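The following exercises concern helix packing, ligand surroundings and local backbone geometry. Each task is followed by a solution in steps.

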Amino acid sequence: MERSVVIFNHPLIHHKLSVLRSTKTDSKQFRELITEIAALMMFDATKNLPLENVNVETPCGTAHCKQIAGKKLVFVPILRAGLGMVEGALQVVPTARVGHIGLSRDEQTLLPVEYYCKLPQDIDQRDVFVLDPMLATGGSAIDAIGQIKKRNPRSIKFLCIIAAPEGLEALKNAHPDVDIFCAGLDDHLNEHGYIVPGLGDAGDRTFGTVVKESKQESKKSLCTDAGERTFGTVVKETKQKSKKSLWIFASIAVLLCAAVFLCKPTYHYWKKHFQRKNHIGIVSKNNNSKNNGNFNGIDVSHYQGNIDWKLVSQNPNIQYVYIKATEGSTKVDHKYKKNNREAREMGMKVGAYHFFTTTSSARKQAENFISNAPVKDQDLIPMIDFENNRGKWSKKQIRDSLNVFIDIIKKHYGKDPIFYSVNSHFNKYLAQDFNTYHSMIGRYNKGKQPPTANYSIWQYSDRGRINGIPKFVDLSRFHPKYNIDILLLN
Ligand code: PRP
Ligand code: URA
């Protein structure tokens, strides 16, 4: 049978999607809508299930009926956000089993990182429905389906609420045998891998972990509340038997979710995810200054919030500060000017970095950087932050464009720039052609394993705590061969 890709075009789904997307929709309503949309989608997604004939005795005679043949279905939500779709799916097929796959996108590489996988034993005799509200780059869905395929299920279908064309294409290519159902197909992915117009971060909106930058305190309580609520509903992971009424199935979904959150790997993920995504000050081993390790410098952007540079300048470890200036051909970090001025007023050695994208011309990106980071405001050589390939440029296109960018930068600032990347991305795209430049490489691993890439500076933590900076901050240190001299512009 030919594989199907269904983009729903039903008034009820259109209407519910429009409410779901809105920033005015709170978590409670968001969860309800995800449930309702998932249930509506199931109607179509189950239409080809095999049937068998059965005779049923009614009070008035024998009815020749059809029932779904063989073992039933398995729903596999991709954690966290996929959990939101389970209840809707169970409303339609209450006897289905539920497996779980935990994946999170690494925010720098945008690649999925698996942290949990528990699937029913007899999955090889069942039809699997993978549930995840968002199909963005497609990485998570492709990876999850790859895991499930190793267990030889009868068939796999993928259901998402919103897909980006890039993710849909990638999933179609990677798994040509999987039927795909999307409640909506959107326009494109932005430079951070988010779907536009999309609905934002589905996991955060489902679980109420979205936080506003200015509300640091309420952020903490939001997060704590989520944790307390989660662990307050914990139950032992028992084999749940099928129940008759709807509300009991809703409870099963909640209980399963709580059990999954009890697992150690999930807890680690959860901790990491919230800390990194939302920069929430959860108390952890890593988040006090005693555990910062030996660092020589930091890099910041508007994500760090309002920085008190007077306090930061009193930190004797900090020899250099890189401040995000620009991104792509038009974006300017709205805190750049303030950060640059105030850090320099405090006598700190300051440089600017540009977030290089593969979605706009290198020349325009260089012009954007130069016009916003004047030479007179720089103590350090410029930094090119290149850490993802959203535009899916070829290696040659990347090399040529970076060379265009570097030429313009060199002429303007009079010195070679330094590269910033994460370890794997650097090895993939930069190591070969740009090995004569200095580089700062991000590799965390709790600071245990230095980069495998050649590095001049190792950014070993993204969870440093510095007095004067309200949020987590990236920390880095020189390779023993180098010191501040490699960074000085004059
Ligand atoms: C979101 C979403 C998908 C993934 C989609 O999960 O729920 O799983 O991103 O992105 P991709 O198609 O580019 O892989 P996220 O990693 O944010 O975790 P969460 O569900 O726990 O919020
Ligand atoms: N994950 C989300 O939750 N939203 C997006 O737009 C992309 C990935």
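**Exercise 1. Helix α2 and its partners**

α2 passes α3 in a right-handed crossing (clockwise turn of the near helix from the far one by less than a right angle; anticlockwise is left-handed). The model is predicted: local features need pLDDT of at least 70, side-chain atom pairs count only at pLDDT 80 or more, and totals for chains, interfaces and linings use all residues. Residues are numbered from 1 along each chain as its sequence is written, and chains are lettered from A and ligands numbered from 1 in the order in which they are written.

Task: Describe the packing of α2 against α3, and then that of α1 against α2.

Solution.

Step 1. Two packed helices are described by the angle between their axes and the distance between the axes. Helices are DSSP runs of H or I with at least four residues, strands are runs of E with at least two, and both are numbered from the N terminus. Axes are lines fitted to C-alpha atoms, for helices over the stretch in contact, with angles from 0 to 180 degrees between N-to-C directions.

Step 2. For α2 (residues 27-45) and α3 (residues 83-92), the angle is about 45 degrees and the axes are 7 Å apart. α2 is therefore oblique to α3; angles under 35 degrees count as roughly parallel, over 145 as roughly antiparallel, 65 to 115 as roughly perpendicular, and the rest as oblique.

Step 3. On the α2 side, the contact is made by R31, I34, T35, E36, I37, A38, A39, M42 and F43. The α3 side contributes G84, M85, E87, G88, A89, Q91 and V92. Contact here requires C-beta atoms, placed from the backbone, within 7 Å. By class, there are 9 nonpolar, 4 polar and 3 charged residues (Ala, Val, Leu, Ile, Met, Phe, Trp, Tyr, Cys and Pro are nonpolar, Asp, Glu, Lys and Arg charged, and the others, Gly among them, polar).

Step 4. The axes of α1 (residues 11-21) and α2 come within 10 Å and cross at roughly 155 degrees. That angle makes α1 roughly antiparallel to α2, and the crossing is left-handed.

Step 5. From α1, L12, I13, K16, L17, V19 and L20 meet F30, L33, I34, E36, I37 and L40 of α2. This contact has 10 nonpolar, no polar and 2 charged residues.

**Exercise 2. The ligand shells**

Task: State which residues surround ligand 2, and which come nearest to ligand 1.

Solution.

Step 1. A residue is near a molecule if its C-beta atom, placed from the backbone, lies within 6 Å of it. Around ligand 1 there are 25 residues, of which R80, A81, T137, S140 and G203 come nearest. Two or more residues of this shell are given by each of β4 (73-79), β6 (100-105), β9 (134-135), α4 (139-149) and α6 (202-207).

Step 2. The shell of ligand 1 divides into 12 nonpolar, 9 polar and 4 charged residues.

Step 3. Ligand 2 is surrounded by A81, M134, A136, Y194, I195, G198, D201, A202 and G203. Its shell comprises 6 nonpolar, 2 polar and 1 charged residue.

**Exercise 3. Backbone geometry**

Task: Locate the cis peptide bonds at R80 and P197, and characterise the positive phi values of N152 and K392.

Solution.

Step 1. The bond joining L79 and R80 is cis, with omega about -10 degrees. R80 is in the loop between β4 and α3.

Step 2. The bond from V196 to P197 is also cis, with omega near 0 degrees. P197 is in the loop between β13 (195-196) and α6.

Step 3. N152, a residue other than glycine, has phi near 55 degrees. N152 belongs to the loop between α4 and β10 (155-163). N152 is exposed because 9 other C-beta atoms lie within 10 Å; the cut-offs are 20 or more for buried, 12 or fewer for exposed, and partly exposed in between, with C-beta atoms placed from the backbone.

Step 4. K392, likewise not a glycine, has phi of about 55 degrees. K392 lies in the loop between β18 (383-385) and α13 (395-413) and counts as exposed, having 11 C-beta neighbours inside 10 Å.

**Exercise 4. The surroundings of L185**

Task: Is L185 buried or partly exposed, and what does L185 contact?

Solution.

Step 1. L185 is in strand β11 (residues 179-185). With 17 C-beta neighbours inside 10 Å, L185 is partly exposed.

Step 2. Leaving aside neighbours within four places in sequence, L185 contacts I7, A163, P165 and L168.

Key. Contact = placed C-beta atoms within 7 Å.
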